[in-house]
Amino acid sequence: MYCLHCGDCCIRMSPLTSDDTPCPKVLQDGNFYFCSINSHKPKQCENHRFPAHICPIGMSVLGYTTLEEARIRIDEGYEKIKLLNKVSGVTKVDVKIEGEL
Ligand code: SF4
Ligand code: SF4
């Protein structure tokens, strides 16, 4: 399932917080949200999937109605992740390019 990086699950449902406060591991870049511990995120986050090619929550949160809008967003997220990975040597962020949280 492709993530659209809307942040909804990480902001509202992180298994790392006891209430509904944002996850301390989420990275925000404009209105994009990325997991900074993607390669070793909690099992609950790994399992946050829907039987859909593109996350339906992200489609709803972003108000998207077409696959084209989602494709552009996924491409933009991919470029942002590449940039974050480049910086990771300095900041120690751990963001993988896989299009999913
Ligand atoms: S995917 Fe990462 S940022 Fe999102 S809730 Fe899980 S640990 Fe936090
Ligand atoms: S998995 Fe879905 S709800 Fe969570 S950040 Fe990605 S698009 Fe948003």
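This briefing covers the surroundings of ligand 2, the residue Arg 12 and the main nonpolar core. The model is predicted: local features need pLDDT of at least 70, side-chain atom pairs count only at pLDDT 80 or more, and totals for chains, interfaces and linings use all residues. Residues are numbered from 1 along each chain as its sequence is written, while chains are lettered from A and ligands numbered from 1 in the order in which they are written.

**Shell around ligand 2**
- Ligand 2 is surrounded by 14 residues, a residue being near a molecule if its C-beta atom, placed from the backbone, lies within 6 Å of it.
- The closest are Cys 3, Cys 6, Cys 9, Cys 55 and Gly 58.
- At least two shell residues come from each of helix 1 (8–12) and helix 3 (56–62); helices (H or I, at least four residues) and strands (E, at least two) are DSSP runs, numbered from the N terminus.
- Helix 1 provides the largest share of this shell, 3 residues.

**Arg 12**
- Arg 12 belongs to helix 1.
- Arg 12 counts as partly exposed because it has 13 C-beta neighbours inside 10 Å; 20 or more would make a residue buried, and 12 or fewer exposed, with C-beta atoms placed from the backbone.
- Pro 22 lies 10 residues from Arg 12 in sequence, with 5.9 Å between their C-alpha atoms.

**Nonpolar core**
- The largest nonpolar core (buried Ala, Val, Leu, Ile, Met, Phe, Trp, Tyr and Cys residues joined through C-beta atoms within 7 Å) has 15 residues.
- Leu 4, Cys 10, Tyr 33 and Phe 34 have the most contacts inside this core.
- Helix 1, strand 2 (32–35) and helix 4 (67–91) each contribute at least two of its residues, and strand 2 gives the most, with 3.
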